[in-house]
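Trainee: Could you take me closely through one part of this model, the salt bridges within its helices? I would like the geometry and the exposure of each partner treated together.

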Amino acid sequence: HSPEEIVKKLRDAEVMQNSGKSLEEVLKMLEVSEATFHRWRNQYGGMKSEEAKRLKELEGENARLKRLLAEAELDKAMLKEALRGNG
């Protein structure tokens, strides 16, 4: 599910629960497990779809930057090792 879809489903769940539906009924209508629902609510609860989308973009960018840093650190370690071998 995209962040926008998750936010919409959480909003729909809130409306259904406020109209008297049980959690089990809501989960069945949303076609998600209780664990997924609670994880979504913890991560996206109270967000607007634009905010959720931006969060996902930032998480992706953060992962990309961490990979770049790890690669740079590995390159640096290899260069240090090569310099030790020449000394």
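Mentor: Lys-8 and Asp-12 lie 4 residues apart in helix α1 (residues 3-18), and are therefore separated by about one helical turn; helices here are DSSP runs of H or I with at least four residues, strands are runs of E with at least two, and both are numbered from the N terminus. These two residues form a salt bridge whose closest N and O atoms are 2.9 Å apart, the term meaning a side-chain nitrogen of Lys or Arg within 4 Å of a carboxyl oxygen of Asp or Glu. Lys-8 is partly exposed at a relative accessible area of 46%, and Asp-12 is likewise partly exposed at 28%, where buried means under 20% relative accessible area, exposed means over 50%, and partly exposed covers what lies in between (1.4 Å probe, protein chains only).

Before going on, the basis of these values should be stated: this is a predicted model, in which local features need pLDDT of at least 70 and side-chain atom pairs count only at pLDDT 80 or more, while totals for chains, interfaces and linings use all residues. Residues are numbered from 1 along each chain as its sequence is written, and side-chain values use heavy atoms, with hydrogens and water left out.

The structure holds 6 salt bridges, and helix α4 (residues 49-86) contains both partners of the Glu-59 and Lys-56 pair, which are 3 residues apart and so separated by about one helical turn. In this salt bridge the closest N and O atoms of Glu-59 and Lys-56 are 3.7 Å apart. Glu-59 has a relative accessible area of 33%, which makes this residue partly exposed, and Lys-56, at 38%, also counts as partly exposed.

Helix α4 also carries Glu-61 and Arg-64, and because these residues are 3 positions apart in the helix, about one helical turn separates them. Their side chains meet in a salt bridge with an N to O distance of 3.0 Å. At 34% relative accessibility Glu-61 is partly exposed, and Arg-64 falls into the partly exposed class at 37%.

As a general background to these pairs, side chains of opposite charge can pair when their charged atoms come close. Taking the helices in turn, the pair in α1 joins Lys-8 to Asp-12 across about one helical turn, while in α4 a separation of about one helical turn holds for Glu-59 and Lys-56 and for Glu-61 and Arg-64.
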